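Grab a coffee and work through these short exercises with the structure open beside you. Each one sets a task and then walks through a solution.

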Amino acid sequence: VTGSGRNLARAPIAGVDLDLTAQGTPQQMAIDARLRQGDANVAFVSGNVWPEERRVSARVSGMLRDLGTLMPDAPVAGTVDLDVQADGPFDALTARGTATVTGARYDDFDVGRLDATVDVDSSVAHIAVVSPDFNARATADIARADTREAAVTLNVTEADLARLLGGRTMP
């Protein structure tokens, strides 16, 4: 099976093109997909789906150069390289992977490089982010609940406060 979709949208994301190939049987299908949003954002998905078992094992990799088109209400910028492996039943996927953001910005604040790891199991998403430019590390455990509410614990250690303040003084 080969398929494609053009100018797909689901708020707030729009303008996505999809090319998909699936080969196999109703019991197991090998999938390859490419998602593209303009020339800036590209992601690839490759793996296997077991439709009758409602299960998947797939690798998602890509480069996102225009975060503003993915999160139009957030004042963020940077280039994201991501690599994630997702496995399990459709309703209880687990995932493990990495993302590196270069040239990260929040509004007018230059964040620099961010290196993140994510490990998602059936109940919690464990996320760790390192900022070499600020000598800082943040971790979060986000609970996955049926209500889709999240509980977040954030710890930052060894932050470079002088750089964080950017020449401003504290009262």
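**Exercise 1.** Find the backbone atom that the side chain of aspartate 17 reaches, and decide whether aspartate 17 is buried or exposed.

*Solution.* Keep in mind that you're looking at a predicted model.
- Step 1: start in strand β2, where aspartate 17 sits.
- Step 2: follow its side chain, and at 2.9 Å you hit the backbone nitrogen of asparagine 7.
- Step 3: check the accessibility. Aspartate 17 comes out at 14%, and the cut-off for buried is under 20%, so aspartate 17 counts as buried.
- Step 4: list who else is around. Skipping neighbours within four places in sequence, aspartate 17 contacts Gly5, Arg6, Asn7, Arg34, Leu35 and Arg36.

**Exercise 2.** Look at the backbone of asparagine 7 and aspartate 107, and say what sign phi has in each.

*Solution.*
- Step 1: asparagine 7 belongs to strand β1. Its phi is positive, about 55°, even though the residue isn't a glycine.
- Step 2: go to the loop between β7 and β8 for aspartate 107. Here too the residue is something other than glycine, and phi is positive, near 55°.
- Step 3: add the exposure of asparagine 7. Its relative accessible area is 59%, and exposed means over 50%, so asparagine 7 is exposed.

**Exercise 3.** Work out which peptide bond at proline 12 is cis, and where proline 12 lies.

*Solution.*
- Step 1: step from alanine 11 to proline 12 and read omega, which is near 5°; that bond is cis.
- Step 2: place proline 12 on the chain: the loop between β1 (2–10) and β2.

**Exercise 4.** Describe the largest pocket: how much space does it hold, and what lines it?

*Solution.*
- Step 1: the space comes to about 590 Å³.
- Step 2: the lining has 24 residues, and Leu64, Leu67, Leu70, Val80 and Leu82 lie nearest the centre.
- Step 3: sort the lining by type, and you get 20 nonpolar, two polar and two charged residues.
- Step 4: trace the lining back to its elements. Among those giving at least two residues each are β2 (13–24), α1 (67–70) and β8 (109–120).

**Exercise 5.** Pick out the residues of the largest nonpolar core.

*Solution.*
- Step 1: recall the background: nonpolar side chains in soluble globular proteins tend to be buried together.
- Step 2: collect the eight members, namely Leu64, Leu67, Val80, Val101, Ala104, Val111, Phe134 and Ala136.
- Step 3: apart from that core there's another, with seven residues, including Ile31, Ala33, Val49 and Val56.

Methods: Residues numbered from 1 in each chain as written. Predicted model: local features only at pLDDT ≥ 70, side-chain atom pairs only at ≥ 80, totals over all residues. Heavy atoms only, no water. 1 Å grid on protein atoms, 1.4 Å probe; cavity = no way out; pocket = protein on both sides within 12 Å on 5 of 7 lines; lining within 4 Å. Points joined across faces, edges and corners; volume = space filled by probe spheres on them. Helix = DSSP H or I, 4+ residues; strand = E, 2+ residues; numbered from the N terminus. Nonpolar A, V, L, I, M, F, W, Y, C, P; charged D, E, K, R; others polar. Buried < 20%, exposed > 50% of the residue type's maximum accessible area, 1.4 Å probe, protein only. Core = buried A, V, L, I, M, F, W, Y, C linked by side-chain atoms within 4.5 Å. Polar contact = N/O pair within 3.5 Å; in protein donor to acceptor, adjacent residues only side chain to side chain. Contact = heavy atoms within 4.5 Å.
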